[in-house]
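Hi everyone, thanks for coming. Today I'd like to walk you through one protein, step by step, and explain the terms as they come up. Please have a look at the screen.

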Amino acid sequence: MTRMLKSMSAGKRKGRLALASVTCAAVVIAMALGTQASGATATSASATKCGQSVKYNVPDSAGFLKTLPANIRAGYDSWPYSVDSTPWSAFKGVKKPWKIGLILDPVTGPYAQDFLNEFTAQFNAAEKLGLVKGPLVKYILPSYATATPEQQISAVQQMVSEGVNGIVLQPLAGPPLAPAIDAAGKAGVPVVMFFNDIDQSKYVVNMWTQNNSPADAALAGMVKTGNVLVVRGTAGIPVEQAYEDAAVADIAACPGLHIVGTVYGDFDTTTAKTAVSQWLAAHPTTKISAVFQNGVMMAGVVEAFQSAGLHVPPVSDGGCQGGDLSWWLAHKSGYKTAGVCISGNATAWSTIRVLFRILAGDGLKTRDIAVPAPLVTNANLAQFATRGKGLDWAGDPRSPVNGWASDTFLNSFFKKSGDPANF
């Protein structure tokens, strides 16, 4: 996503919910906002082979990573934060049925709507089995124009006072929520946070995916030589800097690639189109062999090249969206790139199961869960793309409901294996 970017200003939020950018806004907010001030604590080591994603030297004070199977441990190679132990490891669980809270940003796009729909469906199925008791306690921020971290802090505090047993949280901002999350944890209420990291919290459960660097590395390995244009997100956001650092390392691993320009697209389709269009107009004789964008801006980049009457070069599709996937599929015979896709329904399916496992007393082994996202290439593109839609289609990638963090994957993060919900 793509998802791990910024809290946009009120004026920008209002103007960026047009159809062409609504999907971008949804993914930006859903998958990235909360990390804006947490800060990357790992140090990066440059990729050593062209086509290989950058690796971080991840602080792991508890030695958890050594216990993981190699394929799952690899998910932490691109994790730019620390990995720590968790009090939920010794948590004995809560007697069923459980009372569940859900705190979300405004539901403004397909990713967010798919997440809410699937989470509700999973809750309803669990209720029929006697695992949870209704209703689902929800707090959804009403508007980005008026949204503040304090609203979500109050929601956490209110839910704890109302007796919820666990909370799934999509954070508007990360570190400001840490004290409220820790207070909830001390009261025996776990908070599972998705597409975010808060190093400052002891009790939080962080679920995060690096959904840009794998696409960048794969594209660099495909192109190998030529001029590169980089489209960054929003200046000043630590997680954006982490994306940029990884992208630069992935590009540098291929000596034949040369960065000839960098622009800022603000994680927005329209802004990215404008920025790239201006750059192309100012450099009419420079041929671009590939564009590396730091999340959810592929459609804007494609539109810029089309508007300039130029051939569209391969564009990395980290945080891929329904519209750009459909366009890519329609041009597959003559177009090749790489992307990373995560759908709202898959995120919901996984986060509710992590919470259920904690509440069942299954013994979470670590505070920080790195989930590797599937790499999308021409070979498997049809699994994720919806055929026949336009570039500006505000849709979500297609994905199996367990396509992000499956039960088998989650078994490595708990002392007890198996989904306690079993549905």
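I'll begin with the whole protein, then turn to a sheet, a helix, some aromatic rings and two single residues.

First, a word on what you are looking at. This is a predicted model, in which local features need pLDDT of at least 70 and side-chain atom pairs count only at pLDDT 80 or more, while totals for chains, interfaces and linings use all residues. Residues are numbered from 1 along each chain as its sequence is written, and side-chain values use heavy atoms, with hydrogens and water left out.

Now the overview. The protein has 13 helices and 14 strands; these are DSSP runs numbered from the N terminus, with helices being H or I of at least four residues and strands being E of at least two. How much of the protein is buried? Of its 423 residues, 60% count as buried, where buried means under 20% relative accessible area, exposed means over 50%, and partly exposed is in between, using a 1.4 Å probe and protein chains only. The accessible surface comes to about 14600 Å², and 53% of that belongs to carbon and sulfur atoms. Those areas come from the Shrake-Rupley method with a 1.4 Å probe, and for residues only the protein chains shown count as cover. As for contacts (heavy atoms within 4.5 Å), take those between residues at least 6 apart in sequence: 76% of them join residues at least 24 apart.

Let's move to the sheet. Three strands form an open sheet in the order S9-S8-S10, with parallel pairing. Two strands pair if DSSP finds at least two bridges between them. At the edges are S9 (257-264) and S10 (290-293), each pairing on one side only. From one strand to the next, the twist averages 25°; here axes are lines fitted to C-alpha atoms, for helices over the stretch in contact, and angles run from 0 to 180 degrees between N-to-C directions.

How many bridges join S8 to S9? There are seven between S8 (residues 226-232) and S9, and Leu229 stands opposite Gly261 in S9. S8 is joined to S10 by four bridges, with Val228 opposite Ala290 in S10. Look at S10 itself: Ala290 and Phe292 point one way, Val291 and Gln293 point the other way, and all are buried.

Helices pack here too. H7 lies across S9 and S10, running at about 170° to S10. H9 (residues 269-282) packs on the sheet and touches S8 and S9, and its direction makes about 125° with that of S9.

Next, helix H6, residues 178-186. Its buried residues are Ala178, Ala180, Ile181, Asp182, Ala184 and Gly185. What covers them includes H5 (149-161), S5 (166-169), S6 and S7. After H6 comes Gly188, whose phi is positive, near 85°.

Now for the rings. The structure holds 14 aromatic pairs. Rings of Phe, Tyr and Trp (its six-membered ring) pair if their centres lie within 6.5 Å; planes under 30 degrees apart count as stacked, over 60 as edge-to-face and the rest as tilted. One of the pairs is Phe64 with Phe413, which is tilted, at 5.9 Å centre to centre and 40° between the planes. This pair links distant parts of the chain, 349 residues apart. Is Phe64, like Phe413, buried or exposed? Both are buried.

Another pair is Phe195 with Trp404, which is stacked: 4.9 Å centre to centre, with 20° between the planes. These two residues are 209 apart along the chain. Why does Phe195 count as buried? Because its relative accessibility is 1%; Trp404 also counts as buried, at 6%. Both rings belong to one aromatic cluster with Phe115, Phe119 and Phe194.

Finally, two single residues. Asn212 sits in the loop between S7 and H7 (213-223), and is buried because its relative accessible area is 1%. Its side chain reaches the backbone nitrogen of Gly295 at 3.2 Å.

Asp317 is in strand S11 (residues 317-318), and is buried, with a relative accessible area of 1%. Leaving aside neighbours within four places in sequence, the residues in contact with Asp317 include Ala215, Gln293, Met298 and Trp328. You may remember Gln293 from strand S10.

Thanks for listening!

Terms used:
A polar contact is a pair of N or O atoms within 3.5 Å; within protein, one must be able to donate a hydrogen and the other to accept it, and residues adjacent in sequence count only if both atoms are side-chain atoms.
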